[in-house]
Amino acid sequence: MTLPIFFGCTFIAFGPALGLFLFTIARDPLRIIILIAGAFFWLVSLLFSSLIWFITVKASDPWDEPLQKGLLIFGVMFSVLLQEAFRFLYYKLLRKAIEGLVSLSEDGCSPISIQQMAYVAGMGFGLMSSAFSMINLLADALGPGTIGIHGDSQLYFLTSAFMTMVLIFLRTFWGILFFRGCEHQRWQEIAAVVVMHLAISGSTFYNPLYTGSLMPSYLLMATAATWAYLLSGGSAQNLWRFLLCLQSDANPQLES
Amino acid sequence: MITFMNNSDSEEEPCNERTSLMSAESPPVPSYQDGLQASQAGEAQAHRKRRTGSSRSPNNIADGETSDSGVPVREGILENEEEELTLKYGAKHVIMLFVPVTLCMIVVVATIKSVRFYTEKNGQLIYTPFTEDTPSVGQRLLNSVLNTIIMISVIVVMTVFLVLLYKYRCYKFIHGWLILSSLMLLFLFTYIYLGEVLKTYNVAMDYPTLILVIWNFGAVGMICIHWKGPLQLQQAYLIMISALMALVFIKYLPEWSAWVILGAISIYDLMAVLCPKGPLRMLVETAQERNEPIFPALIYSSAMIWTVGMAKPDTAARRSSQQAWDAAEDGRENHRSPSHADSQMSERRSPVPTRPITSFEELEEEERGVKLGLGDFIFYSVLVGKAAATASGDWNTTLACFVAILIGLCLTLLLLAVFKKALPALPISITFGLIFYFSTDNLVRPFMDTLASHQLYI
């Protein structure tokens, strides 16, 4: 176990996100700030949802198993809704920030667009939530032990890492979709994000039947990715041209 | 305490407030254990800086009561440009502070999690004489409050002493004190730290190697901090010193006392910087009366230079470098952060400024950066380190406190941009940090643990 599992799971879970961070966010201080503020908002939403869950648990009978399970399900769903609510609040804050930035800039346009903010905010939410899910696991993975010795699944760490990775991506895409929905007052997109989130969280109830949770998550991620890409102005031609440019070593056009 | 530093001397007035920013005479920073005082000294400096810088360019440096005397006419014209520039580069300043704060916290958390020495209870400082090994909760609470009162009064007394020393111009005493305390930090504490790390990893080191390493580390540190050195080396030393001090606090402060002290210190910081009767204000006013620069003692500065250009020989800069040399000869005090003088003389990097050049006479060298007192570093790291040490082995709490502190810092810098006056950096961050520590440890942890045990994801 220990080191190989630790490094393996860390890179599975955080590798792609780290790459995205390094290449798109790390250069621009404004984006870093938005990222951290996004992480903060997610944290606050988690705080409130844990508060509610904690109160319900304390107010109920701890020995009643089905009730506790029910409360947990309620806690998870409530947390999902609260996260999306805080995403909306963050959207409002960023809108105001953009207005401030525009008024202060010399040429009347903001140094960062709302779409970029959407991406970074989604990333912030994703990174923080995955850090919270994964870090204790990773710390435990570093120490001695055997997974699944009591009959639980032996793939616990690996599947957690994969689930975390998919959730980071999903949250990033949801950020883009959600903000776009808010921008253009299209409630379908917002509703779609909320429904997707509830579906993903619900599917994790199938764990340890991983085909029930991981497969749908990856499929949903592919869907969300395509949707976000199309909404951000991408198209199949762009993709094709990008791939062709790479192959032919022509002037690479970097599109942000 | 946070302030923007903005030294611009384009005026040719002999001894105006602005030129006094250049060098650093030292203000008395009492002793290493009062990182707070260091931060207050820093605040003092910041105030100073703010006063002096304000008439010229308000990079969030406010107008103090006394600075209105020399306000030039051009201020109004420049102000808007300055504001834009400030807020445009404001994000950069925030990141320039995020990075060292993060580094300091990482060092502290890494040490706490790996080296057992700093989490073992081996007695307490004399500033916190009451023990917390009492049977009842009430008694424990009372003891921790008493400890806090003693600690804060020690700090207040020291600050007042410092102000008095400064008022009566006992500079040599102060210099000596500071050099002594930085010697102790750089040599003794580093030796202990190195010893513990080597013990933890079971690495043998012979005495000659040890002496060589410690001697080099300490000597270079003294030079960098008290005299001159490359900016990044100075910053690295300041970060290491803050980390060492934070570790000392984490080790020797009993649990509940530490939390109450953190809370009390942020309230004290708030009052000392903002209240008109605070000792720091008096320090600043005294320095202002004497037209002396406030030392950058125990201040971390992230200086960046934007060279706009020079239209005329910069007599002010020459004067400042002269002052800087004088100050260097006098012996700087502790933790001399990359001084403006250093930055001006040695660091000429930077990019094309984008602001429009309005007139030839206005070209000057401007240095833009943010300063944060080392005391702030220390207390941030104490909070995060305590969270790492005592939060039931949970990393979520540490992470939450870390994000909370960064956001508090961000908000403080935002307020700095809005209010344009020197602000205490502790209150907002520590408040957020404390809230998040207690709530994450008690509320979020059970929730996340339950979720993890069922492998549910939210």
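Questions on a predicted two-chain model

Colleague: In which helix of chain A is the place of Ala97(A)?
Modeller: This is a predicted model, in which local features need a pLDDT (the predictor's confidence in each residue, from 0 to 100) of at least 70 and side-chain atom pairs count only at 80 or more, while totals for chains, interfaces and linings use all residues. Residues are numbered from 1 along each chain as its sequence is written, chains are lettered from A and ligands numbered from 1 in the order in which they are written, and side-chain values use heavy atoms, with hydrogens and water left out. With helices taken as DSSP runs of H or I of at least four residues and strands as runs of E of at least two, numbered from the N terminus, Ala97(A) is placed in residues 65-104, that is, in helix α3 of chain A.

Colleague: How far apart in space are Ala97(A) and Ser110(A)?
Modeller: Ala97(A) has a relative accessibility of 32% and therefore counts as partly exposed, the class between buried (under 20% relative accessible area) and exposed (over 50%), with a 1.4 Å probe and protein chains only. Ala97(A) and Ser110(A) are 13 residues apart in sequence, and their C-alpha to C-alpha distance is 9.5 Å.

Colleague: Is Ser217(A) buried or exposed, and which residues does Ser217(A) touch?
Modeller: Ser217(A) sits in helix α7 of chain A, which spans residues 210-231. Its relative accessible area is 0%, so Ser217(A) is buried. Counting a contact as heavy atoms within 4.5 Å, and leaving aside residues up to four places away in sequence, Ser217(A) touches Met163(A), Val166(A), Leu170(A), Ile200(A) and Ser203(A).

Colleague: Why does Gln455(B) count as buried, and why does Gln185(A) count as exposed?
Modeller: Most residues other than glycine have a negative phi. Gln185(A), in the loop between α5 (156-183) and α6 (187-203) of chain A, has a positive phi of about 55 degrees, and Gln455(B), in the segment after α13 (426-454) of chain B, also has a positive phi, near 55 degrees. Gln455(B) counts as buried because its relative accessibility is 5%, and Gln185(A) counts as exposed because its relative accessibility is 52%.

Colleague: Which helix of chain A has the highest confidence?
Modeller: Chain A averages a pLDDT of 89, and 96% of its residues score at least 70. Within chain A the lowest confidence falls in helix α8 (residues 236-248), at a mean of 82, whereas the highest, at 95, belongs to α2(A).

Colleague: Over which residues of chain B does pLDDT stay under 50, or fall below 50?
Modeller: The average pLDDT of chain B is 72, and 65% of the residues score at least 70. One such stretch has 267 contacts beyond four places in sequence in the model, and another has 174 contacts beyond near neighbours in sequence. The first of these covers residues 6-73, and the second covers residues 305-366.

Colleague: What share of the 458 residues in chain B do buried residues make up?
Modeller: Chain B comprises 13 helices and four strands. Of the contacts in chain B with a separation of 6 or more, 83% come from residues 24 or more positions apart. Thr412(B), in helix α12 (residues 395-419), counts as buried at 1% relative accessibility, and over the 458 residues of chain B the buried share is 61%.

Colleague: What ipTM does the predictor give the complex?
Modeller: The predictor reports two scores for the complex. The pTM is 0.79, and the ipTM is 0.91.
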